[in-house]
Amino acid sequence: MSIAHWSTQDTPIGPFTALVATDGAVLASGWTAGPAELVAVMSPRLRPGELREKRDLGPVTTAVRRYHAGEFDAVDPIPVRQLSGEFLQQAWDVLRTVPAGKPVTYGDLAALAGRPDAIRAAASACARNSAALFVPCHRVLRAGGALGGFRWGLPVKRWLLDHEAAVR
């Protein structure tokens, strides 16, 4: 039976919860007050058999705190584990290279992931991303600059984008 640890910390935009494998990889994360909503969006093959609350998740907790303080690259070295098809895996990898303060469009993401015509698939990669912040899908906008969607709400997405633009 696999075990994962979870922790919730306060951020300027509400509670942020991360679910972490025993090896330190983020399995799911987002602006929610507990793990239930996160487990629901994970790949069934990655869902832990047991969840244990832990006050501090070490490097993950530190990275979340540092990110919200303006050190946007603090989340970059944190390993992430998500499972899906080849294109979604590629899109998630590409998302981790999009710099803070320099959002891209869904079309840009599709092209960067090697399939320029797969704009809907790029949007699906963002929608199915279970590791928000560590895989920064909030940095993807619609053509023309509209926010598009965000699992954790458009006010959270707007705050993240403004935060990254202001501290650049």
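**Sheet, core and ring contacts in the predicted model**

Strands β1 (residues 3–11) and β2 (residues 14–21) run antiparallel and are joined by eight bridges. That is a handy place to start with this structure, which is a predicted model. The link between β1 and β2 is a hairpin, and two residues carry the chain across. Right by the turn, T11 stands opposite G14 in β2. Further along the pairing, W6 has L19 as its bridge partner in β2.

W6 also has a partner on the other side of β1: in β4, its bridge partner is E53. The pairing of β1 with β4 is parallel and runs over four bridges. On the β2 side, the next neighbour is β3, paired with β2 in the antiparallel sense, again with four bridges. One opposite pair here is A18 with S29 in β3. The hairpin of β2 and β3 has four residues between the strands, and in it G24 takes a positive phi near 95°.

Put together, these strands give an open sheet of four, ordered β3-β2-β1-β4, with mixed pairing. The edges are β3 (26–30) and β4 (50–53), each of which pairs on one side only. Averaged over the sheet, neighbouring strands are turned by 20° against each other, direction ignored. Helix α2 (residues 59–68) packs on this sheet, where it touches β1, β2 and β3, and its direction makes about 25° with that of β1. As for β2, it is mostly covered, with six of its eight residues buried. In a regular strand, side chains alternate between the two faces of the sheet.

Next, the hydrophobic side of things. The largest nonpolar core counts 53 residues, and W31, V60, L95, L133 and F134 are the ones with the most contacts inside it. Helix α3 (residues 86–95) gives the most to this core, namely six residues. L95 itself, with neighbours within four places in sequence left aside, is in contact with L109, C126, V135, P136, C137 and V140.

L133, another of the residues with the most contacts inside the core, sits in the loop between α5 (119–127) and β6. Its relative accessible area is 2%, so L133 counts as buried, the cut-off being under 20%. The backbone of L133 is worth a look too: phi is near 80°, a positive value in a residue other than glycine. Most residues other than glycine have a negative phi.

The aromatic rings add another layer, with four aromatic pairs counted in the model. One of them is W31 with F150, a tilted pair at 6.2 Å centre to centre and 50° between the planes. This pair links distant parts of the chain, 119 residues apart: W31 lies in the loop between β3 and α1 (36–41), while F150 lies in the loop between β6 (140–141) and α6 (154–167). Both partners are tucked away: W31 is buried because its relative accessible area is 9%, and F150 counts as buried because its relative accessibility is 12%. Ring pairs also extend beyond these two, linking F16, W31, F134 and F150 into a cluster. Two members of that cluster, W31 and F134, are also among the residues with the most contacts inside the largest nonpolar core. Elsewhere, a ring meets a charge instead: the charged end of R115 sits over the ring of F87, 4.7 Å from the ring centre.

Finally, there is R142, located like F150 in the loop between β6 and α6. With a relative accessible area of 48%, R142 counts as partly exposed, because exposed means over 50%. Not counting residues up to four places away in sequence, R142 touches T105, Y106 and G148. For a sense of scale, the C-alpha atoms of R142 and A28 are separated by 24 Å, and the two residues are 114 apart along the chain.

Notes: Residues numbered from 1 in each chain as written. Predicted model: local features only at pLDDT ≥ 70, side-chain atom pairs only at ≥ 80, totals over all residues. Heavy atoms only, no water. Pairing = 2+ DSSP bridges. Axes fitted to C-alpha atoms, helices over the stretch in contact; angles between N-to-C directions. Contact = heavy atoms within 4.5 Å. Phe/Tyr/Trp six-rings, centres within 6.5 Å; stacked < 30°, edge-to-face > 60°. Buried < 20%, exposed > 50% of the residue type's maximum accessible area, 1.4 Å probe, protein only. Lys NZ or Arg CZ within 6 Å of the ring centre and 35° of its normal. Core = buried A, V, L, I, M, F, W, Y, C linked by side-chain atoms within 4.5 Å.
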